[in-house]
Amino acid sequence: MTSVPVCEQGDVLHDVRSSGEFAVSDLKVDETGAFAHLRTGVVDRLRQAQHALPDGMRLLIVEGYRPLSLQRHYFEEYGDELRAANPEWTAEQIHVAASRYVSPPEVAPHCAGAAVDLTLCGPDGTQLDMGCRINASPEESDGRCYTDAPGLTAAARHLRTVLSEALSGVGLVNYPTEWWHWSYGDRYWAMTTGAPAALYGPCSHG
């Protein structure tokens with residue numbers, strides 16, 4: 001992905017809490033409110049996706065923009081967990097395995113304000129059961145974090161399909177090891193869709 005060029009569109013970061021259109025979780029609240037910000041092009045598409053959901057369902061936004069320093073911390077922290085559990089692995093094996101679950105900082109779509117971690121909730125904001133919690137690692141969830149994981153209940157499978165159809169229908173793409181992770185305009189999106197360049201590169205909040 002590092003070879004994918006970026007043709008920066010300059011969309012500003014928008015606070016998804018400002019309009020009250022979306023349910024927003026406090027799971028990833030930070031002091032500056034960075035977690036609730038996304039590029040306007042992404043927000044516009046989330047608005048369309050929410051309108052496409054069945055009655056009684058809403059998008060629940062968990063995390064959008066993520067500062068580069070925090071992304072680096074997450075990547076290194078998970079690498080340390082893998083290293084402790086697999087002391088025989090080489091540094092390259094650790095890097096590859098960590099990249100399944102946490103994007104390397106240099107290509108992370110959250111740092112571009114182009115990725116969003118989200119799920120579905122009911123009218124009262126109660127999170128619906130999608131088969132495993134958001135941010136569950138492959139080890140913790142026994143692989144249920146994978147979007148198309150086998151062994152899900154019929155209800156969880158249905159909800160993932162509803163979420164996927166609404167988001168893919170407006171142009172977002174899913175990272176298949178994380179059912180909750182969707183993006184638009186980042187390098188992964190460009191690589192997945194065949195676009196000649198990403199629309200958004202790393203940006204700053206505030």
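Buried residues are those with under 20% relative accessible area, and T177 therefore counts as buried, its relative accessible area being 10%. The legends below describe close-up views of a predicted model.

**View A. T177 and its surroundings in the loop between β6 and β7.** T177 is placed in the loop that joins β6 (173-174) to β7 (181-183). Leaving out residues up to four places away in sequence, T177 touches R100, C145 and Y146. The C-alpha atoms of T177 and F75 are 15 Å apart in space, while the two residues are separated by 102 residues in sequence.

**View B. Y146 in the loop between α4 and α5.** Y146, one of the residues that T177 touches, has its place in the loop between α4 and α5. With a relative accessibility of 27%, Y146 counts as partly exposed. Apart from neighbours within four places in sequence, the residues in contact with Y146 are R100, P138, R160, P176 and T177. R100 is thus listed among the contacts of Y146 and also among those of T177. Y146 and T161 lie 15 residues apart in sequence, and the distance between their C-alpha atoms is 13 Å.

**View C. The packing of helix α2 against helix α3.** Helix α2 (residues 68-85) and helix α3 (residues 91-101) pack with their axes 9 Å apart and at an angle of about 125°, so the two helices are oblique to each other. The crossing in which α2 passes α3 is right-handed. On the α2 side the contact is made by F75, Y78, G79, L82 and R83, and these meet I94, H95, A97, A98, S99, R100 and Y101 of α3. Sorted by class, the residues of this contact are seven nonpolar, three polar and two charged.

**View D. The buried residues of helix α3.** In α3 the buried residues are I94, A97, A98, S99 and Y101. These buried residues of α3 pack against α2 and also against α4 (138-141). I94, A97, A98, S99 and Y101 are also among the α3 residues that α2 meets in the contact of View C. As background to this view, an α-helix has 3.6 residues a turn, so residues three or four places apart point the same way.

**View E. The largest nonpolar core and L59 within it.** The largest nonpolar core of the model holds 53 residues, and the residues with the most contacts inside this core are L46, L59 and L120. At least two core residues are supplied by each of α1 (40-51), β4 (58-63), α2, α3, β5 (115-121), α5 (154-168) and α6 (187-193). The largest share, five residues, is that of α5. When residues up to four places away in sequence are not counted, L59 touches F22, A23, L46, A49, Q50, L53, L118, T119, L120, C121 and L163. L46 and L120 are therefore not only named with L59 as having the most contacts inside the core but are also in the list of residues that L59 touches.

**View F. Q50 in helix α1.** Q50, one of the residues touched by L59, lies in helix α1. The relative accessibility of Q50 is 15%, and Q50 therefore counts as buried. Residues up to four places away in sequence being left out, Q50 touches E21, F22, R58 and L59. F22 also appears among the residues that L59 touches.

**View G. V116 in strand β5.** V116 is a residue of strand β5 and is buried, with a relative accessible area of 0%. Beyond the residues up to four places away in sequence, V116 touches L38, L46, I61, E63, G64, H110, L172, W180, H181 and W182. Between V116 and H181, which are 65 residues apart in sequence, the C-alpha to C-alpha distance is 5.9 Å.

**View H. N135 and D142, two residues with positive phi.** N135, a residue other than glycine, has a positive phi near 75° and is found in the loop between β5 and α4. With a relative accessible area of 16%, N135 is buried. D142, again a residue other than glycine, has a positive phi near 55°, and its place is in the loop between α4 and α5. At a relative accessibility of 67%, D142 counts as exposed, whereas N135 counts as buried.

Note on methods. Residues numbered from 1 in each chain as written. Predicted model: local features only at pLDDT ≥ 70, side-chain atom pairs only at ≥ 80, totals over all residues. Heavy atoms only, no water. Axes fitted to C-alpha atoms, helices over the stretch in contact; angles between N-to-C directions. Helix = DSSP H or I, 4+ residues; strand = E, 2+ residues; numbered from the N terminus. Parallel < 35°, antiparallel > 145°, perpendicular 65-115°, else oblique. Left-handed = near helix turned anticlockwise from the far one by under 90°. Contact = heavy atoms within 4.5 Å. Nonpolar A, V, L, I, M, F, W, Y, C, P; charged D, E, K, R; others polar. Core = buried A, V, L, I, M, F, W, Y, C linked by side-chain atoms within 4.5 Å. Buried < 20%, exposed > 50% of the residue type's maximum accessible area, 1.4 Å probe, protein only.
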